[in-house]
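Work through these exercises with the structure open beside you. Try each task before you read its solution.

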Amino acid sequence: MKVLAAMSGGVDSAVAAARAAEAGHDVVGVHMALSKNRDQTRSGSRGCCTVEDASDARRAAEKIGIPYYVWDLSDDFHDLVVEDFLSEYAAGRTPNPCVRCNERIKFASLLERATVLGFDAVCTGHYASIRADGPGGAPSLHRSRNQAKDQSYVLAVMGPDAVGRSVFPLGEYETKDEVRAEARSRGLGVSTKPDSYDICFVADGDTRGFLERNLGQSPGEIRDPDGTVLGTHRGTHGFTIGQRKGLGLEQPAPDGAPRYVVDIDPSSRQVVVGAAELLSTRELIATDVIAFEPLTPGREVRAQIRAHGEAIPARVLEVPAPTGASVPATTPRTGPGAAEPAAPAVPCTDPDLPSTPSGSLRVSLETPIRGVAPGQTLVLYDGDRVIAASTLERRA
């Protein structure tokens, strides 16, 4: 199989490329230049696609014995990931740029170019597994055996077609130490290189400063749920639902309890803060559903809304129908091969809650969860297998 190995310059992608070549594939290494600042350098574990990273990737490819190229995808990355990040925060939402990068760059732009050049698959150093246990034996995406490094959550948006054309050699490793040990045994100089973390294009780690530099200041008020003005801010884009620190309030709550961001309204430039219990919800509503297998109302799943968050037992209440209308969990499924009718949906008792948008996914959680924000990714699992990814719109 002809395989294009994405080589970031780190130890994971280097070992993945080496294992793909060892497996007998015809492997070509490519480093994606995503930063428009070609002179950017790393700061410890921070930074993205720096000159050091490109050099490290080249040396790893030479050691493995595979051809190596650098592809400039900086325009795509800026337009599809960075601009999306800025526009989502400007709209009061909380995006995950790693999800967008995997969806739009690594498994869209890169895979599209690979297809044009005649490659059969793309290989990366992500921690996830692909197995042939999907519907009809189709390839399916699973969690990595290394639970601490598992990246199935941020990969879920790639969809089933891309999964079928991807190779993740690191999915069966149980620890990162095993990967580093293999890199050393292969003579790869990146064996001790620190992992990158945080948002790769915010090299100094100051996300609020990055947003303010790019979006400017738009002063507004910080209020409590009753409308009392508690303070001011320099822009709603500096806040996210569930945030506790950095609120800039001088006076504590009357009861001394911590305050959290519970609502953001960019149109009125207001940020609402309140008690922790105002953040709790047991129902989630999401759109832009990417299903790896058919979803049915009443199905028991596990729902995860953060990359390293807990997957909570949940039940599917409504799913997008082919016609674009939502199917409530009380709708019986009939016809040949139909399963038993799904359990009834949990009724909504809030008269102020708008109806579920057409074509959306609605999930009920077994236990309440806090800090749900529009723009986050909702991934559903069956055991360790990914069955769907979607974008959260609001909490019910």
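**Exercise 1: A parallel sheet**

Task: give the order of the five strands in the open sheet, and find the edge strands.

Solution. Step 1: the open sheet has five strands, ordered β3-β2-β1-β4-β7, and they pair in parallel. Strands here are DSSP runs of E, at least two residues long, and helices are runs of H or I of at least four residues; both are numbered from the N terminus. Two strands pair if DSSP finds at least two bridges between them.

Step 2: β3 (68-72) and β7 (166-167) are the edge strands, as each pairs on one side only.

Step 3: take one pair. β1 (residues 2-6) and β4 (residues 121-123) are joined in parallel by three bridges. Val-3 lies opposite Ala-121 of β4.

Step 4: add the helices. Helix α2 (residues 51-64) packs on the sheet and touches β2 (26-33) and β3. The direction of α2 makes about 150° with that of β3. α4 also packs on the sheet, where it touches β1, β2, β3, β4 and β7. The direction of α4 makes about 125° with that of β2.

A note on the source: this is a predicted model, where local features need pLDDT of at least 70 and side-chain atom pairs count only at pLDDT 80 or more, while totals for chains, interfaces and linings use all residues. Residues are numbered from 1 along each chain as its sequence is written, and side-chain values use heavy atoms, with hydrogens and water left out.

**Exercise 2: Two helices**

Task: at what angle do the axes of α3 and α4 cross?

Solution. Step 1: the axes of α3 (residues 74-90) and α4 (residues 97-116) come within 10 Å and cross at roughly 160°. Axes are lines fitted to C-alpha atoms, for helices over the stretch in contact, and angles run from 0 to 180 degrees between N-to-C directions.

Step 2: α3 and α4 are therefore roughly antiparallel (angles over 145 degrees count as such; under 35 is roughly parallel, 65 to 115 roughly perpendicular, the rest oblique).

Step 3: list the contact (heavy atoms within 4.5 Å). α3 supplies Asp-76, Phe-77, Leu-80, Val-81, Asp-84 and Phe-85. α4 supplies Pro-97, Arg-100, Cys-101, Arg-104, Ile-105, Ser-109 and Arg-113.

**Exercise 3: Antiparallel partners**

Task: which strands does β16 pair with in the antiparallel sense?

Solution. Step 1: β16 (residues 361-369) runs antiparallel to β12, with five bridges between them. Leu-284 has Val-363 of β16 as its bridge partner.

Step 2: β14 (residues 312-320) pairs antiparallel with β16 over four bridges. Here Ala-314 is partnered by Leu-365 of β16.

**Exercise 4: Positive phi**

Task: where are Arg-269 and Asp-288 found, and is each buried or exposed?

Solution. Step 1: recall the rule. Most residues other than glycine have a negative phi.

Step 2: Arg-269 has a positive phi near 60°. Arg-269 sits in the loop between β10 (260-265) and β11 (270-274). Arg-269 is partly exposed, at 40% relative accessible area (buried is under 20%, exposed over 50%, partly exposed in between, with a 1.4 Å probe and protein chains only).

Step 3: Asp-288 has a positive phi near 50°. Asp-288 is in strand β12 (residues 281-291). With 57% relative accessibility, Asp-288 is exposed.
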